[in-house]
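Please open the model in your viewer and keep the selection panel at hand. The tour below goes from one selection to the next and says what is to be found at each stop.

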Amino acid sequence: YNVYGVNMSKSKIIKDLANDDVSVETALNRLLVMASDIENDELVEWINNELSGYSIGSKLPSYRNIESLPIVYSGINGSFKLTNQPLVLNGILSKDMCKKVTSHKITQDVVTLARLSNEREAHIDMSFLQGVVYEKTGVSCTSIRLLLPSYIFLQVLSTVKTKLLRILIELENEYGN
């Protein structure tokens with residue numbers, strides 16, 4: 001392994017992950033074996049959550065809490081029929097409610113995240129806001145959606161990969177190749 005002329009002997013899994021020769025899922029499975037061998041329950045729990053997805057009661061890592069996501073609506077505004085237009089909720093909902101509505105917890109497993117990162121975007125139906133939007137603005141919404149652009153899933157995967165590399169390097173420094 002050669003970086004800028006410096007010869008580095010690194011474990012195969014570190015090289016493979018750094019070069020994108022293995023998926024994050026494969027690297028997590030390999031790390032799961034190592035974490036079990038050294039009886040690191042906290043690491044095993046993190047790996048299991050990343051591989052299986054986080055359950056409702058699980059404490060999510062901060063990189064999986066996404067805020068300020070865009071909301072779009074389709075409907076009738078005055079005499080205009082609009083499709084996928086931005087919906088600003090300031091003034092319609094309280095500041096705290098706006099923050100809650102435009103935030104999302106990414107709980108999916110890494111395989112699902114990889115698939116979602118290849119899609120143009122995902123969304124969450126927020127049509128339950130139709131009544132309050134109409135009451136406050138007079139806009140008649142036929143749909144309201146919280147957008148989850150693919151880059152969000154890529155960011156989570158990238159953070160998992162970076163954390164994974166750091167853990168593998170730390171383990172190699174402590175236990176050897």
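**First stop: a helix contact**

In this predicted model, begin by selecting Val110, Leu113, Ala114, Leu116 and Ser117 in H5, which meet Ser150, Phe153, Leu154, Val156, Leu157 and Val160 in H7. Sorted by class, the residues of this contact of H5 with H7 are nine nonpolar and two polar, with no charged residues. If you now display the whole of helix H5 (residues 110-117) together with H7, you can follow their axes, which come within 8 Å and cross at roughly 140 degrees. Because the crossing angle has this value, H5 counts as oblique to H7, and the handedness with which H5 passes H7 is left-handed.

**Second stop: the sheet**

Next, select the four strands of the open sheet, whose order is S5-S4-S8-S7 and whose pairing is antiparallel. At the edges you will find strand S5 (80-86) and strand S7 (121-125), each of which pairs on one side only. As you rotate the view, note that neighbouring strands of this sheet are turned by 25 degrees against each other on average, with direction ignored.

Helix H7 (residues 150-175), already met at the previous stop, packs on this sheet, where it touches S7 and S8, and its direction makes about 30 degrees with that of S8.

Now narrow the selection to strand S4 (residues 71-77) and strand S8 (residues 140-149), which pair in the antiparallel sense over six bridges. Which residue in S8 does Ile71 stand opposite? Labelling the pair shows that the residue opposite Ile71 is Leu146 in S8.

On the other pairing to inspect, S4 and S5 run in the antiparallel sense and are joined over five bridges. Here Tyr73 has Gln85 in S5 as its bridge partner. Zoom in on the connection, where S4 and S5 form a hairpin with two residues between them, and where Gly78 in the turn has a positive phi of about 70 degrees. When you show side chains along the strands, bear in mind that in a regular strand they alternate between the two faces of the sheet.

**Third stop: a second helix pair**

Move on to helix H2 (residues 24-37) and helix H3 (residues 41-52), whose axes come within 9 Å and cross at roughly 155 degrees. H2 and H3 are therefore roughly antiparallel to each other, and H2 passes H3 in a left-handed crossing. To see the contact itself, select Glu25, Leu28, Asn29, Leu31, Leu32, Ala35 and Ser36 of H2, and with them Leu43, Val44, Trp46, Ile47, Asn48, Glu50 and Leu51 of H3. By class, the contact of H2 with H3 is made up of nine nonpolar, three polar and two charged residues.

**Last stop: two residues of one helix**

Finally, select helix H1 (residues 12-18), in which Asp16 is found, and in which Lys12 is found as well. Is Asp16 buried or exposed? Asp16 is buried, because its relative accessible area is 9%, which lies under the 20% limit. Leaving aside residues up to four places away in sequence, Asp16 touches Asp21, Val22 and Arg30.

Lys12, by contrast, is exposed, with a relative accessible area of 57%. To finish, draw a distance from Lys12 to Arg145: the two are 133 residues apart in sequence and 44 Å apart in space, taken from C-alpha to C-alpha.

Technical notes:
Residues are numbered from 1 along each chain as its sequence is written. This is a predicted model: local features need pLDDT of at least 70, side-chain atom pairs count only at pLDDT 80 or more; totals for chains, interfaces and linings use all residues. Side-chain values use heavy atoms; hydrogens and water are left out. Two strands pair if DSSP finds at least two bridges between them. Axes are lines fitted to C-alpha atoms, for helices over the stretch in contact, and angles run from 0 to 180 degrees between N-to-C directions. Contact means heavy atoms within 4.5 Å. Angles under 35 degrees count as roughly parallel, over 145 as roughly antiparallel, 65 to 115 as roughly perpendicular and the rest as oblique. A crossing is left-handed if the near helix is turned anticlockwise from the far one by less than a right angle, and right-handed if clockwise. Ala, Val, Leu, Ile, Met, Phe, Trp, Tyr, Cys and Pro count as nonpolar, Asp, Glu, Lys and Arg as charged, and the others, Gly among them, as polar. Buried means under 20% relative accessible area, exposed over 50%, partly exposed in between (1.4 Å probe, protein chains only).
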